[in-house]
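Open the model in a viewer and keep the selection box at hand. The stops below go from the whole chain to single residues.

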Amino acid sequence: MNNPLTPIYQTTQIRTLEKLAEERFGISSEVLMQRAGKAALECLLRHWPKARKIAVVCGSGNNGGDGYVVARLARERGLIVTVWQIGELREQKDAAMRAYEACKKANVIIQVSQEDLNITDVDVIIDAISGLGLHGEVHPKTRIAIHAIAQANVPVLAIDLPSGVDADNGKVWGDAVRATVTITFVGAKLGLLTGKGVGYAGSVVCHDLQLPTELFSLVTPVAEKLQYTTLLSHLKPRMRDVYKSEAGHVLLIGGDFGTTGAIRLAAEGALRAGAGLVSIASRPEHASTLSFERPELMCHGISSAEDLRPLMNKAKVIVIGPGLGQSPWAKMLLDEALKSDLPLVVDADALNVLAKNPGKHPHWILTPHAGEAARLLQKSNEEIVANRLQAVSDLQTKYDGVCVLKGAGTLVQGTALAGLCPYGNPGMASGGMGDVLSGVIGSFVGQGLPLEIAAKLGVCIHALSGDEAAKAGGERGMIASDLMPYIRRLANSVD
């Protein structure tokens, strides 16, 4: 199944698309504003069909203009509408001012907010304050409006972006509106899909405002949204006469004292994703216990580099890092693994060891979370979180291969366009989840997928398994081993 690319943009690309829409296709900003307002109202009525009273909080830019269009159309549909204007009316641009005048002519109640803002007795609030234009700390008046929206304690529909969220990276500029639903226009914005913005956007609806398909071919996106079904098509059905050795032999290295659970979870993740054989190289003290509940795992005690070499000779891929630690034993194992010509998945403590001795390798997949990425790039955790797309690009440039920056809106960067995973949930913020992911990715490499495809498919199946586990038992209390049955199913079917 070959689905078309689902592009993701930042502000520069969206502005270019809007400019080209007018220059090449005669679609003015005012037409786009009218279409945006209509689409927003339809979204509101679809999500809250019983809503009768709405408050629209408008800023002084085009986002506010969208809000005025919604307010007028809602009034025409018989809804009770109140508009709160944040900022000076004289700051509005031509199209937004005309939307304001049309709203006023339709007898919509418009209140200009000064210092106090008290929104009560409404069913839904529409946030049309900042939108795409925010790239710095929110204005004090906007902050007051954000607090008032939160205190109203009713559903919120954000137009284009929740006010306070940066479209380019998801950064929250001081305060931000927590939307129930965000309807975003023209194309998907990176800031809604990764970083802090994910927690403020709620459900995201993307509307292209009926722009011609040809227009989108003129602008290169900054990333693409990964699609599980498309990626799964790379995993071909097995021949009837396949041998277990042909289904991929994964060697996992790790499990120092006190952290055997990590390597055990990674190994079962590799099995459940379809590896024909899975071996574990760990401390000699652990070799006899790691396979107690999963006898399919082949466990080996490793004291020296010489012990590891025969295992590497039998494997198709190495996963190193889960529970590895940073002891001389860990460094010895990583150094030996790096001498191999096998593809590598490098995770957890192996990344921390690597950060102290950076190097490039074309045939590895690095899987850091933000903290590990900060150490690999010698930056602060805050710098990584503030611009995740740049961080994953910097990682790939510095270390080569494929880099997976884990977190809300996990990013995968190889030589192709960066891929963003739209799946997953907060319940996956628990110990062992990343270990399972490394095993799943290693399994797909062992089964013959190219590194970038294996990383992307592994990330999607892992995140979707978390979503399925959440459906079955809720997010709170989810543990890494809960994902195992869903990994197996999702590696086999799109049902």
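Buried residues (under 20% relative accessible area with a 1.4 Å probe, protein chains only; exposed is over 50%, partly exposed in between) make up 58% of the 495 residues in the chain. This is a predicted model, in which local features need pLDDT of at least 70 and side-chain atom pairs count only at pLDDT 80 or more, while totals for chains, interfaces and linings use all residues. Residues are numbered from 1 along each chain as its sequence is written, and side-chain values use heavy atoms, leaving out hydrogens and water.

Stay with the whole chain for a moment. Its C-alpha trace spans about 85 × 45 × 40 Å along the principal axes. In a cartoon view, look for 19 helices and 19 strands (DSSP runs, numbered from the N terminus: H or I of at least four residues for helices, E of at least two for strands). Of the contacts (heavy atoms within 4.5 Å) with a separation of 6 or more, 71% are between residues 24 or more positions apart.

Next, select residues 328-339, which are helix H12. Which residues of H12 are buried? They are Trp329, Ala330, Leu333, Leu334, Glu336 and Ala337. Seen down the helix axis, these buried residues fall within an arc of 165 degrees (taken from the directions from the axis to the C-beta atoms), so they line one face of H12. Exposed Pro328 and Lys339 are on the face turned away from that buried side. To see what the buried residues of H12 pack against, add the partners, among them strand E11 (249-253), helix H11 (305-314) and helix H13 (349-356).

Now select Tyr68 and Tyr100. A search of the whole structure finds one aromatic pair (ring centres of Phe, Tyr or the six-membered ring of Trp within 6.5 Å; planes under 30 degrees apart are stacked, over 60 edge-to-face, the rest tilted). Tyr68 and Tyr100 form this edge-to-face pair, with 5.3 Å between centres and 80 degrees between planes. The pair links helix H3 (residues 62-76), which holds Tyr68, to helix H4 (residues 94-105), which holds Tyr100, 32 residues apart. Both tyrosines are buried.

Then show Lys171 with Trp173: the lysine lies over the face of the ring, 3.9 Å from its centre (NZ of Lys or CZ of Arg within 6 Å of the ring centre and within 35 degrees of the ring normal). The charged end of Arg178 sits over the ring of Tyr200, at 4.1 Å from the centre.

Last, select Gln396 in helix H16 (residues 388-399). Gln396 counts as buried, at 13% relative accessibility. Beyond its neighbours within four places in sequence, Gln396 is in contact with Gly401, Cys403, Gln413 and Gly414.

Notes:
Expected span 1.5 Å × (residues − 1).
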